[in-house]
Amino acid sequence: MYGLIGKKLKHSFSEKIFKEKFGDKFQFELIELESIDKLHDFIANHPQLKGFSVTIPYKKEIIPFINILDDVTKKISAVNTVLISRNKNESILSGYNTDVYGFISAYKKLFPVNPKAVGCNNALILGTGGAAYAVKYAFNINGINATMVSRFKTNDEIILYSELSDDIITNNKIIVNATPLGMFPNINLYPNINYKAITNRHLAIDLTYNPEITMFMHKSKENGANVVNGYEMLKQQAIKAWKIWGLINK
Ligand code: NAP
């Protein structure tokens, strides 16, 4: 048995993607936990569970429960994939982050050999959650400077929405919405930036995939930007998780 652990999972596409690939060959469950403290009990009571994905709001909260963290998860402090190894009554949890791989694989055209040569060496990431840190890491290892935008000034590298001038938007040709604003059912919400400063030289990526065209994408597109949603990233990060669970080879 495999699954997705989170809080409200009714609108997740993970089960659909899993079933499209594997049909009924493996069981896949949407596992809603009211608190991450229930994780150990759930694992103990479901000995058939071999691995699971992790989503909002547990990608960071799950870390103290993980026995072995890979290098990427250590750097970005967010786990979205767990492999369970069982030994009699003991369960060893290994934590991975496949969002980094998913983002790079889905949008690899964003990562040219020399980003500076094509003028897309700066990006803005809206939000500071687990997905935002995965995207920042993906940009950084590909030579693109990424700045996070937040409601709170928690460190000097983060800028506030109120500090997001038109000049900053002009100088950052890639803008990623890594907040849940606009995600179904709250489809009329969007991050509070000046969309008028967006041009046809911008690329606006929304990590959300439901709805297909979010309000962030709609408003960016109205000003000429190329837009893309998070569905391909969702598929790519899932493929990487299936490899970690040993369900596919490549
Ligand atoms: P998260 O940990 O809940 O973080 C989201 C961030 O959004 C928060 O850190 C917060 O940043 C900001 N935020 C939350 N509520 C907000 C509000 N009302 N106004 C403004 N900002 C707000 O979520 P996550 O796991 O990083 O995921 C973020 C989004 O990416 C979700 O929509 C998720 O579905 C999507 N996602 C998609 C994929 C994919 O494969 N396509 C993978 C991962 C995530 P501040 O507090 O700093 O403002």
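The exercises below concern the sheet and two helices of a predicted model.

**Exercise 1.** Find which strands stand at the edges of the sheet, and state why one side of each is left without a neighbour.

Solution. Start with the strand order, which is E2-E1-E3-E5-E6-E4 in an open sheet of six strands with mixed pairing. Strand E2 (28-32) and strand E4 (68-69) stand at the edges. Each has a single partner strand, so one side of each is left without a neighbour in the sheet.

**Exercise 2.** Determine in which sense strands E1 and E3 pair, parallel or antiparallel, and over how many bridges.

Solution. Take E1 as residues 2-6 and E3 as residues 51-54. The two strands pair in the parallel sense, over four bridges. As one position to look at, Ile-5 stands opposite Val-54 in E3. Helix H1 (residues 14-22) packs on this sheet and touches E1 and E2. The direction of H1 makes about 170° with that of E2.

**Exercise 3.** Describe how H1 and helix H8 cross, and which residues make the contact.

Solution. Two packed helices are described by the angle between their axes and the distance between the axes. The axes of H1 and H8 (residues 231-244) cross at roughly 60° and come within 11 Å. Because of that angle, H1 is oblique to H8. The crossing is right-handed.

Next, list the contact residues:
- H1 contributes Ser-14, Lys-16, Ile-17, Phe-18, Glu-20, Lys-21 and Phe-22.
- H8 contributes Tyr-231, Leu-234, Lys-235, Ala-238 and Trp-242.

Last, sort the residues of the H1 and H8 contact by class: seven are nonpolar, one is polar and four are charged.

Definitions and conventions
Residues numbered from 1 in each chain as written. Predicted model: local features only at pLDDT ≥ 70, side-chain atom pairs only at ≥ 80, totals over all residues. Heavy atoms only, no water. Pairing = 2+ DSSP bridges. Contact = heavy atoms within 4.5 Å. Axes fitted to C-alpha atoms, helices over the stretch in contact; angles between N-to-C directions. Parallel < 35°, antiparallel > 145°, perpendicular 65-115°, else oblique. Left-handed = near helix turned anticlockwise from the far one by under 90°. Nonpolar A, V, L, I, M, F, W, Y, C, P; charged D, E, K, R; others polar.
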